[in-house]
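Hi everyone, thanks for coming. Let me put today's protein on the screen, and then we can walk through it together.

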Amino acid sequence: MNRNLFCLATATVLLSAATFTAQAQVKVTFDHNPNATATRAFKFKNVPSPAKDDAAAKAKLLLVEGEADGNGADAGALTDGDLPTEEDQPAANFFWNAGTGGGRLQIDLGSLIEIVQVNTYSWHPNTRGPQVYRLWASDGAAVNFNSAPKAKIDLATCGWKLITVVDTRSKDGDDGGQFGVSITDARGSLGKFRYLLFDCYVTETSDEFGNTFYSEIDVVARK
Ligand SMILES: [Ca+2]
Ligand SMILES: [Ca+2]
C-alpha cells in the first residue's frame, strides 16, 4: 500500500470514529459554486464571503506536520484576505505537497478568543476543490498541552478538543469549483480557544494531486 492509500484509509477510519465524538451542537454548513458559476467574488448561498479583518488575520501559522507545495503560496495566503481571481491559480492558494496525504496546520490566535465561526474557502477546477479535514481547538491550558503534535500523536491526549469533521466531497465526484465551509454552534459560540489545528487530508488518491487548493481561513470572534 503506498503512502497515499495508507493515509486515505487511515483518514476514513478516523473520520468515521470522529463522527461519534464531535459535539452534537456543532454545525457544518457548506456551499459549492460549480465551475460555471464560481467567480472571484466568492459569493455563496449560505456561507459568508471571506473576510480580511477577521481574528485570524494577525494569527501565527505553523505547519506542524507535512510541507507546503512549492508551486503554491506559503501558509500566509490562508489569512491574508486576498483571494484567487481564477479557478486554477496555485500562487494564490496554499496546498500540501504533491504526493503526500495532507498535513497539520496550527493557528495561534495569540490569546483566548471566543470563536463564533470558523470559515474555510477553496477553489480549483476539479478534485482539488473540495475540503476534507478535522478541526481541533485548544485553550492551551492543559498541563500536558502539546501545541505542535505530529501526525502520530492523538490530539485528544495532549490538550486538544475535536470540534468537527469536514468533508465536502460529492458522491458523484463532480467536485470542481469553489467551496465555502462555515463551522458554527447552535449555542452561538464554538468556545474560547487560543489555538486551532487543521488536520487535512487528500480528497483522492488516483494521482498525486489530491491536496485541496485552500484560498482562505477565517476565524470570526464574538464582538
Ligand atoms: Ca488568501
Ligand atoms: Ca481572512
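About 10,400 Å² of this chain is exposed, and carbon and sulfur atoms supply 53% of that area. Please keep in mind that this is a predicted model. The chain has 223 residues, and 49% of them count as buried.

Now, how is the chain built? It has one helix and eight strands. If you read along the sequence, the helix comes ahead of the strands, in the pattern α-β-β-β-β-β-β-β-β. Let's look at the contacts too: taking those between residues at least 6 apart in sequence, 83% join residues at least 24 apart.

Next, the metal. Which residues coordinate the calcium ion, ligand 2? They are Ala51 through O, Asp54 through OD, Glu216 through OE and Asp218 through OD, at 2.3 to 2.4 Å. Along the sequence, these donors follow the spacing A-x2-D-x161-E-x1-D. Aspartate 54 sits in the loop between β1 (26–33) and β2 (60–65), while glutamate 216 belongs to strand β8 (residues 214–221), so this pair ties together parts that are 162 residues apart in sequence. And are aspartate 54 and glutamate 216 buried or exposed? Both are buried.

Last stop, the cysteines. As a reminder, a disulfide is a covalent bond between the sulfur atoms of two cysteines. How many disulfides does a search of the whole structure find? Zero. Cysteine 158 has 6% relative accessibility, so it counts as buried. Cysteine 200 is at 7%, and therefore counts as buried as well; the cut-off for buried is under 20%.

How values were computed
Residues numbered from 1 in each chain as written. Chains lettered and ligands numbered in written order. Predicted model: local features only at pLDDT ≥ 70, side-chain atom pairs only at ≥ 80, totals over all residues. Heavy atoms only, no water. Helix = DSSP H or I, 4+ residues; strand = E, 2+ residues; numbered from the N terminus. Buried < 20%, exposed > 50% of the residue type's maximum accessible area, 1.4 Å probe, protein only. Contact = heavy atoms within 4.5 Å. Areas by Shrake-Rupley, 256 points an atom, 1.4 Å probe, with all protein chains shown as cover. Donors = N, O, S within 2.8 Å, 3.2 Å for Na, K, Ca; no water. Disulfide = S-S within 2.5 Å.
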